[in-house]
Each structure stands twice: as structure tokens, then as C-alpha cells.
Protein chains: 2
Amino acid sequence: MPRDATRQRILDTAERHFGLYGFAGTSLRGITRDARVNVAAIHYHYGSKEQLLGATMDRIVAPVNAERLRLLDEAIAAAGGAPSVEAILSAFLCPDLILIRDLGDRGVMMARFSGRSSTEPGEVVARVLRGIFGDLGDRFIDALAVAVPDVPRSELAWRLRCVVAIITYLLANTGTGLALLDLDDVDGTAERLVAFLAPAIRSPVPAAGSMAEVALAMAGGAAS
Amino acid sequence: MPRDATRQRILDTAERHFGLYGFAGTSLRGITRDARVNVAAIHYHYGSKEQLLGATMDRIVAPVNAERLRLLDEAIAAAGGAPSVEAILSAFLCPDLILIRDLGDRGVMMARFSGRSSTEPGEVVARVLRGIFGDLGDRFIDALAVAVPDVPRSELAWRLRCVVAIITYLLANTGTGLALLDLDDVDGTAERLVAFLAPAIRSPVPAAGSMAEVALAMAGGAAS
DNA sequence: GTCTATAACGGGATAGAC
DNA sequence: GTCTATCCCGTTATAGAC
């Protein structure tokens, strides 16, 4: 369908620019130059800069989250209803990593776009992020609650968000000097991540006041 | 010293704006409005928008990193040269959290600024981040290598950067709907973080190919 | 559906008065 | 040191021709 080749080219280019420069740092005119498209075409097809961001996010996030759920269901079925923490974490983390591995440069751009988006302001971003922490998050927390019955649900929810923090950082910095992901060994990184995080998810909750009180010091170091 | 009250007010306001809107999303004119200062004053005192960002980052990062090292040395001394993973993690994580706890709203803004900065492009940001991952990171990895001799240094370095990922996300989203940090119980969050991460740091490295091969599926979910 | 042209505005930076 | 005034550029968005 060569009909909407323009639409496609706009979306592909927007993805790259938003990923590289962020929302505020991206200009529609920059996109038009790279996509060899006129400024008006963007407004015709997407309405506004913010709606273009929304369309870009939806195209990436929807299939990734769907794959997360599919892998989770698969893991639950394979384990007869009680998959291991490792299997649950794999289902959560792998869809993003597979995207990067299989889509090459475009996957890298999509990754950086996704990771960066979480620190962008605005209602469009908030809407997409609510999706991640809505039903999807509940499904994964349900599964974790079965695998780790000793840790309360509220704590598991908090820990899952720590996992989100790592994957977000990993995505945002893919292909940069701060890369957490070896692009030549994505599968190996997935294994390292799961091996690193599974014991953390399982760790017993701290008894109140158990931490060595290192915190008390440091009055006003950042005054000046 | 009322002499450089203007300098101060500019820097304080810049900190808030950069934290709220990011670098590209911040305008010097917005800062001048809030700081009740003229546009030219910013250029007189700081030269350019990017140099203003650099000054803002330095003011925050330098004392925090100094405090990290101080706490690490303290922990090493207290433990006779071999502090626990928990103590090392506390020294790394607490300076940021103490800042938020003790500085109130300004601490929150500084936190969001710090967290957000890591996803900003540009040379100034890269320079500051290199500082974090230079000598400072090596000192902490040295300490971890003593506490966890079974895990190779390279793996410990990678894991420490996963810790950085979490603290970065936590800072960037402090006071937002995605907050990982309970502002009314900062100490409790510190304990939870340490309890969550210490077993992860200690976990044995995975044998090659040990992960359940969940990854193979998903051909091109994000095509469209 | 795609273009040109332009409106309407805000951005960073600077010169020069005080 | 701090201000006013201005330069010059890029921005989003839209109107209207083709």
C-alpha cells in the first residue's frame, strides 16, 4: 500500500527524533527534513506535535505489552499455574530486549524513545504509562504473589517498579556511553538481568529499623 | 553577602525549571520571570544556557559525591576494611535520599533535576556523568569486590550501574505519580532499597545458557 | 493528499545605556 | 552589575492553491 507511505515515513522519523532529542528537543521541521515531507503533512496526518508523540508511543508500547502478557500466560501454563520468579521476570523483560535484538538500529531508536519517554511531561505520556501500571502490572504482581508468598503484595508492587526503573534506564541509554545492554549479546544481558533481579524480588522484607544508621550525618552539604 | 543575590536566585530558579521541564523544555525567559531577573543577567553571570546547566549540576553533584565517598570511608573504617554489601549500598544511596529528606521542596527539585539529567543529551551532562562513573565508581566497586569475592569485578561494575539506574529513576520521579520514594518515610525507603538490592549484588553469576529460553518467540510484533 | 506561503509567537544571544 | 532594546532565528500551526 503505497498510499500512506508518507504517514509511515513521518512516524518512523518521529520515532528516531523523539528518541534522540526528547519531546521538547524535537522540532517538527527537523522531522520534515529527514522524512522529506512537508510541514503541513504532519498536521494533516496527526493534528499536532503532541498527537504525533502519542501515535509514536502507541505503535511501540501496545505490541510490547501484548507480548508481555502472552509470555506470562505461556509461563503460567508451562508451570501449571505457579511459574518461578525467573520465568515471570523473563516474560516482563524480554519483549523489550527482543525488540532491540531483532530490529537493529530501529529497535535501538525505539528503545531510547521508550526509556526517555518516562521522564517527559505531558498528558500523552502519562496516559501510556498508566497503561503499563494498570492491568498489566496487576497481572505480573498476581503471578509474583504466588511465587513469593512471604513478601506482601504492596512490597512486590514496589519491587516490580524497581524492575521498571532498570529496564527504563537500560532502554534510555541503549547505544550510548552509559549502555547497560551489550548489543552484541542481548540474550546474555537478559540472563544477567534475571539472575540479578530474581534474588532481589525474593529477598525477605527488612525488619523495621534494621539498617545501620548511616543516614544521620550530612547536615547541609549542598548549601553554597 | 547580598552582592551575588542575583546569581543565587538565578541558580535556584534554574534548578527548579530544569528539573520540571528538562533542558530543552526550559526557557531562559521562564527563569527570568520566576527569578525576577533580566535576561541579560543570566548571560552576564553564566554565559549561556548550557553553561547555566553545568553550574546547576555541579552545585548539586559535587557535594553528594563527596558525601558518598565520606560515608564509604567511614563504613570501611568501621568494619575494619571489609564492610558488608549493605553498608556499601547505604553509602552509595543515602546521600541522595538525605538531600531529599532534609531540603524539602528544594531537595525534591534537585532530585528530579539529577534524575532527569541523565537522559539529557549534550556535552555538559556527559562530563558530569563521567565523573560519577570515574574514580567514584571504582572506589565502590573495589569495596564490593572485597565483600563479594565470588562475583567478578566486571559483573559487579555492571550491577552497580543497575543500582544507578534505580536511584536515577527514583530521583527523576520523586513527587510524581510514578514515585518510588515515600516522601514521608525516606529512611524506610532507604532500608527497603538496601534490603532489595543487597541479595541482587550477591547473587551468583548465571551459568551460560541457563535461562529458560523464553526469548525465541515474537517475530515482528511492532511492525505495522 | 500534498504543497507554498504566511501568520503569530517565543527562543537565545548581544550591544550599549545607566 | 543590572537594565532596555533589539537582532535574528526557529518554532507550531493554519489558510489556501493545486
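What follows is a short chat about the predicted model shown above.

Colleague: Before we start, what are the ground rules here?
Modeller: This is a predicted model, where local features need pLDDT of at least 70, side-chain atom pairs count only at pLDDT 80 or more, and totals for chains, interfaces and linings use all residues. Residues are numbered from 1 along each chain as its sequence is written, chains are lettered from A and ligands numbered from 1 in the order written, and side-chain values use heavy atoms, leaving out hydrogens and water.

Colleague: OK, how many helices and strands in chain A?
Modeller: Eight helices and zero strands, taking helices (H or I, at least four residues) and strands (E, at least two) as DSSP runs numbered from the N terminus.

Colleague: And what does the C-alpha trace of chain A span?
Modeller: About 60 × 60 × 35 Å along its principal axes.

Colleague: How much of chain A is buried?
Modeller: Of its 224 residues, 52% count as buried. Buried means under 20% relative accessible area, exposed over 50%, and partly exposed in between, with a 1.4 Å probe and protein chains only.

Colleague: What about contacts far apart in sequence?
Modeller: Contact means heavy atoms within 4.5 Å. Among the contacts in chain A with a separation of 6 or more, 73% are between residues 24 or more positions apart.

Colleague: Switching to charges, how many of each sign in chain A?
Modeller: There are 23 positive and 26 negative side chains, and the centres of the two sets lie 9 Å apart. Lys and Arg count as positive, Asp and Glu as negative, with His and the chain ends not counted; the charge is placed at NZ of Lys, CZ of Arg, CG of Asp or CD of Glu.

Colleague: How many disulfides over all chains?
Modeller: Zero, where a disulfide is a pair of cysteine sulfur atoms within 2.5 Å.

Colleague: Why is C94(B) not bonded?
Modeller: Because the closest cysteine sulfur, in C162(A), is 15 Å from its own, too far for a bond. C94(B) also counts as buried, at 3% relative accessibility.

Colleague: And C162(B), how far is the nearest cysteine sulfur?
Modeller: That of C162(A) is 12 Å away, and C162(B) is in no disulfide. C162(B) is buried as well, at 0% relative accessibility.

Colleague: Last one: where does H17(A) lie?
Modeller: In helix α1 of chain A, residues 5-25.

Colleague: Is H17(A) buried or exposed?
Modeller: H17(A) is buried, with a relative accessible area of 7%.

Colleague: Which residues does H17(A) touch?
Modeller: Leaving out residues up to four places away in sequence, H17(A) touches G22(A), T26(A), G30(A), I31(A) and D34(A).
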